Amino acid sequence: MNLQDLVRPNIYHLKPYSCARDEFKGTASAYLDANENPLNAPYNRYPDPLQKELKEKVAEIKKVKPEQLFFGNGSDEPIDLVIRIFCEPCVDNIVAIDPTYGMYQVCADINHVEYRKVPLLEDFTLDTKNVLAAVDAHTKIIFLCSPNNPTGNDLDMNEMKYIIEHFGGIVVIDEAYIDFSTRPSFLNDLDNYPNLIVFQTFSKAWGMAGIRMGMAFSSPEILSFFNKVKYPYNINILTQYFVGEEIKKLKRKNDWVEMLLAQRAELIAQLKELPMVLNVYPTDANFVLIRVDDANATYRYLVEQGIIVRNRNNISLCLGCLRVTVGIAKENALLIEALKKMK
């Protein structure tokens, strides 16, 4: 793979903004370079633009090299960055499965890049042949979300590897829900596939959606362009410090995952007993997609009861479907009891 053939020429030759902390390495006796207020330490100083200390800690947990890791403002920032780096507006295109996470198309539309949808099969499995058939000379990226949102299922790992191996552009595997799945992460394959980018997040299993910290894993060569294009201080000092403290609680995160998986199994069993629920789809995530008699009416009824789920009735292949996040036992019980009382 020749990155120069894939990266937009203006990005490849871009001279990035050089911030104060980029130009000096080490410890100084006086910082008089960045027009900072000398008072109110440590918040008066600009944060490390490359989050080096935090990357070393997270890389150890993820068993990757720090230079294979990029931190973004949520996963939405790296989604936008990968499109801006590789796709020339009004020229290049993106191929993605359908249905899937909606921000891929939103970011493509914002960047004026054609977005080609390839439907999953009826059982939500990957149609590998048609994914590759949708590719042409201007396809730069394929997005695959696994476990997929909103369907919840893992895509077949061998099929995903086939796509990576037979596509000459960038393949993004979005693993936001990987902690709830039994399949191995594609982080194990970073060194095998130079065109692979893997997304993960602190929002789900780690319980930190509010702090907005996403992760992209890839080769140092690809991530060098992420660091070129991103805003200089995209991760603030408070977020870096908070995540640094929270990742020390790995056992707590694993305990949360174990609890949510147990609640998921219980919730699925109870949903299957309800006559209004026509289908409960297999899931490898922390949510369950269900098909009901009348999705719109059920959604409105639950809102009236103060219970918020996601109405996916208007999404491809999801007619009549609601997406239900697995909550704690009390929340799940409220949902089941409300559905039992629905007339």
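Start by selecting N227, which you'll find in helix 8. Before going on, keep in mind that this is a predicted model.

**Stop 1: N227 and its helix**

Show N227 as sticks and turn on the surface. Is N227 buried or exposed, or something in between? With a relative accessible area of 28%, N227 counts as partly exposed, because that label covers values from 20% to 50%. Now pick out what N227 touches: leaving aside residues up to four places away in sequence, its contacts are L50, K55 and F70.

Next, add L261 to the selection. L261 is 34 residues from N227 along the chain, and their C-alpha atoms are 36 Å apart.

**Stop 2: the sheet**

Switch to a cartoon view and look for the open sheet of 7 strands. Going across, the strand order is 1-7-6-5-4-2-3, and the pairing is mixed. Which strands stand at the edges? Colour strand 1 (69-72) and strand 3: each has a single partner strand, so one side of each is left without a neighbour in the sheet. As you rotate the view, notice the twist: ignoring direction, neighbouring strands here are turned by 25° against each other on average.

Now zoom in on strand 2 (residues 93-98) and strand 4 (residues 139-145). These two run parallel and are joined by 4 bridges. Select V95 and look across to strand 4, where I142 stands opposite.

**Stop 3: two helices on the sheet**

Bring back helix 8, residues 220-229. What does helix 8 touch as it packs on the sheet? The strands are strand 1, strand 5, strand 6 (196-201) and strand 7 (214-217). The direction of helix 8 makes about 25° with that of strand 1.

Then select helix 5, residues 103-110. Helix 5 lies across strand 2, strand 3, strand 4 and strand 5 (170-174), and runs at about 155° to strand 3.

**Stop 4: T100**

Step into the loop between strand 2 and helix 5, and you'll come to T100. Buried or exposed this time? T100 is buried, with a relative accessible area of 13%; the cut-off for that label is under 20%. Light up the residues T100 touches, not counting those up to four places away in sequence: Y115, C145, N148, N149 and P150.

To link this stop with the start of the tour, draw a line from T100 to N227. Their C-alpha atoms are 27 Å apart, and 127 residues separate them in sequence.

**Stop 5: the second largest pocket**

Stay with T100, one of the residues that lie nearest the centre of the second largest pocket. Add Y101, G102, N149 and R323 to complete that central group. In total, 29 residues line this pocket, and about 600 Å³ of space lies in it. Strand 3 (114-119) and strand 11 (321-325) each supply at least two of the lining residues. Colour the lining by class and you get 9 nonpolar, 11 polar and 9 charged residues.

**Stop 6: the largest pocket**

For the last stop, select P47, D48, E53, I237 and Q240, which lie nearest the centre of the largest pocket. That pocket has a volume of about 760 Å³ and a lining of 23 residues. Helix 3 (52-62) and helix 9 (237-246) are the elements that give two or more residues to the lining. Which helix gives the most? Helix 9 does, with 6 residues. Coloured by class, the lining shows 10 nonpolar, 4 polar and 9 charged residues.

How values were computed. Residues are numbered from 1 along each chain as its sequence is written. This is a predicted model: local features need pLDDT of at least 70, side-chain atom pairs count only at pLDDT 80 or more; totals for chains, interfaces and linings use all residues. Side-chain values use heavy atoms; hydrogens and water are left out. On a 1 Å grid over the protein atoms alone, a cavity is a set of points where a 1.4 Å probe fits but cannot get out, and a pocket is an open set with protein on both sides within 12 Å along at least five of seven lines; lining residues have an atom within 4 Å of a point. Grid points are joined across faces, edges and corners, and a volume is the space filled by probe spheres set on the points. Ala, Val, Leu, Ile, Met, Phe, Trp, Tyr, Cys and Pro count as nonpolar, Asp, Glu, Lys and Arg as charged, and the others, Gly among them, as polar. Two strands pair if DSSP finds at least two bridges between them. Axes are lines fitted to C-alpha atoms, for helices over the stretch in contact, and angles run from 0 to 180 degrees between N-to-C directions. Contact means heavy atoms within 4.5 Å. Buried means under 20% relative accessible area, exposed over 50%, partly exposed in between (1.4 Å probe, protein chains only).
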